[in-house]
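Work through the following exercises with the structure open. Each task is followed by a solution in steps.

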Amino acid sequence: MTTDEKFMHRCLQLAQKGEGFARPNPMVGAVIVHNGQIIGEGYHRQFAEAHAEVNAVHSVKEPALLPSSTLYVSLEPCAHHGKTPPCVELVIEKKIPKVVIAVSDPNPNVSGKGIEKMQKAGIDVTVGILQKEAEELNRAFFVNQLYKRPYVILKWAQSADGFIDHRRSTAEEVPAQISNELTHSIVHKFRTRVQGIMVGTDTAVLDNPKLTARKWFGNSPVRIVIDREAKIPSNAAIFNDDSTVIVFTQPGGYPVKKRNIKPIGIDFSGDTNRQILKHLFTEKIYSVLIEGGARLLSTFIEKDLWDEAYIEIAEKTLISGVKAPDISMDNAVTKKYLGSIQHHLKNKIT
């Protein structure tokens with residue numbers, strides 16, 4: 001590991017501290033080095049608050065050292081006014097002579113502008129140190145900026161013989177128990193890390209899920225459901241007051257009226273997946289967990305509109321039932337749990 005990589009690795013460590021707090025902004029870390037020693041550190045702690053570079057500069061106890069120091073930062077410093085002033089202006093003001101950046105900003109309207117502004121000010125700028133690691137850290141942010149849609153995570157549990165449930169026609173019929181208590185709790189952990197959670201009509205009717213994060217500390221996501229023909233009963237658990245609900249339905253209104261329900265009409269004769277993602281992005285939902293059913297999950301796989309997938313394959317068999325979605329398990333990272341194996345997949349984003 002080179003010297004630059006060593007300090008950039010520290011930037012990435014710091015950046016991870018902002019997980020869950022910086023979104024929808026990226027997680028960013030910064031260190032300031034003088035004569036081979038770190039004299040300042042910072043990370044983006046909270047959305048709408050100071051960025052990593054600002055916190056790193058303010059942490060330096062001897063500001064007189066800044067004009068002979070190097071700033072390492074995991075993402076290109078911003079050059080535009082947003083919730084906070086441009087970071088490049090502070091870098092220039094403090095006369096920091098050298099800046100080392102992991103990766104440029106993926107936003108086409110911003111990318112390269114911070115670098116260009118610093119170079120015009122006479123700052124020596126290096127880009128590309130631990131670039132892949134930095135991109136991986138902020139996969140969701142890159143998808144948001146490059147494709148203007150939410151980061152899509154698929155999740156389901158299936159039996160060893162490839163079924164996700166018995167075939168059922170009413171909510172009174174008992175669903176197959178594939179996940180155990182531990183893996184079910186892990187699902188609730190996932191829910192706290194996304195802004196939205198989505199299911200189809202049949203899942204909402206037959207499973208009557210709450211779609212909240214009851215078994216893990218953290219906020220519950222916005223609940224999202226597709227209900228083209230208003231089949232979900234008004235007393236369904238998904239409509240309780242625990243969190244907001246977005247219902248994608250036909251234009252012209254939705255019969256269930258509650259303060260926490262927001263119906264959005266879409267054209268079901270068109271590409272519903274892309275319409276849904278476009279509306280969710282407009283609603284500032286930048287990450288969504290899709291939990292079922294099989295048909296909904298399959299449409300996102302077929303259209304290649306997914307970024308990560310978590311598939312739990314249990315040891316038990318069902319013999320028959322609802323077939324699990326078909327997805328390639330090549331390059332999956334596996335994790336063993338009691339009675340099941342979790343397969344974690346990542347789709348290519350750039």
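**Exercise 1. Determine which residues Ala50 touches, leaving out residues up to four places away in sequence.**

Solution. This is a predicted model. Start with the location: Ala50 belongs to the loop between strand S2 (37-43) and helix H2 (52-59). Next, list the contacts, which are His44, Arg45, Asn55 and Thr84. Then look at Lys83, which is 33 residues from Ala50 in sequence, with 8.8 Å between the two C-alpha atoms.

**Exercise 2. Classify Ala50 as buried, partly exposed or exposed.**

Solution. The relative accessible area of Ala50 is 27%. Buried requires under 20%, and exposed requires over 50%. Ala50 is therefore partly exposed, since 27% lies in between.

**Exercise 3. Describe helix H9: its buried residues, what covers them, and its two ends.**

Solution.
- Step 1. H9 spans residues 272-282, and its buried residues are Thr272, Asn273, Gln275, Ile276, Leu277 and Leu280.
- Step 2. An α-helix has 3.6 residues a turn, so residues three or four places apart point the same way. In the list of buried residues, look for this spacing in Asn273, Ile276, Leu277 and Leu280.
- Step 3. The cover over the buried residues of H9 includes strands S6 (151-158), S8 (196-199), S9 (222-226), S10 (245-249) and S12 (287-292), as well as helix H10 (294-302).
- Step 4. At the N-terminal end, Asp271 acts as the cap of H9, with a side-chain oxygen 3.3 Å from the backbone nitrogen of Asn273.
- Step 5. Just after H9 comes Lys284, which has a positive phi of about 65°.

**Exercise 4. Characterise the contact between domain 1 and domain 2.**

Solution.
- Step 1. Set the bounds: domain 1 covers 3-142 and domain 2 covers 148-346. Their centres, taken over C-alpha atoms, are 36 Å apart.
- Step 2. Count the residues in the contact: seven come from domain 1 and ten from domain 2.
- Step 3. The size of an interface is often given as the accessible area lost when the parts come together. For domain 1 and domain 2, about 710 Å² is buried between them, and 44% of this is on carbon and sulfur atoms.
- Step 4. Four residue pairs are in polar contact between domain 1 and domain 2, with both residues at pLDDT 80 or more. On the side of domain 1 that touches domain 2, two residues are nonpolar, one is polar and four are charged.
- Step 5. The two domains share one salt bridge. A salt bridge joins the side chains of Glu136 and Lys346, at 2.1 Å from N to O.

Definitions and conventions:
Residues are numbered from 1 along each chain as its sequence is written. This is a predicted model: local features need pLDDT of at least 70, side-chain atom pairs count only at pLDDT 80 or more; totals for chains, interfaces and linings use all residues. Side-chain values use heavy atoms; hydrogens and water are left out. Domain bounds come from an automatic or database domain assignment. Contact means heavy atoms within 4.5 Å. Buried area is the accessible area (1.4 Å probe) that two parts lose on being put together, summed over both. A salt bridge is a side-chain nitrogen of Lys or Arg within 4 Å of a carboxyl oxygen of Asp or Glu. A polar contact is a pair of N or O atoms within 3.5 Å; within protein, one must be able to donate a hydrogen and the other to accept it, and residues adjacent in sequence count only if both atoms are side-chain atoms. Ala, Val, Leu, Ile, Met, Phe, Trp, Tyr, Cys and Pro count as nonpolar, Asp, Glu, Lys and Arg as charged, and the others, Gly among them, as polar. Buried means under 20% relative accessible area, exposed over 50%, partly exposed in between (1.4 Å probe, protein chains only). Helices (H or I, at least four residues) and strands (E, at least two) are DSSP runs, numbered from the N terminus.
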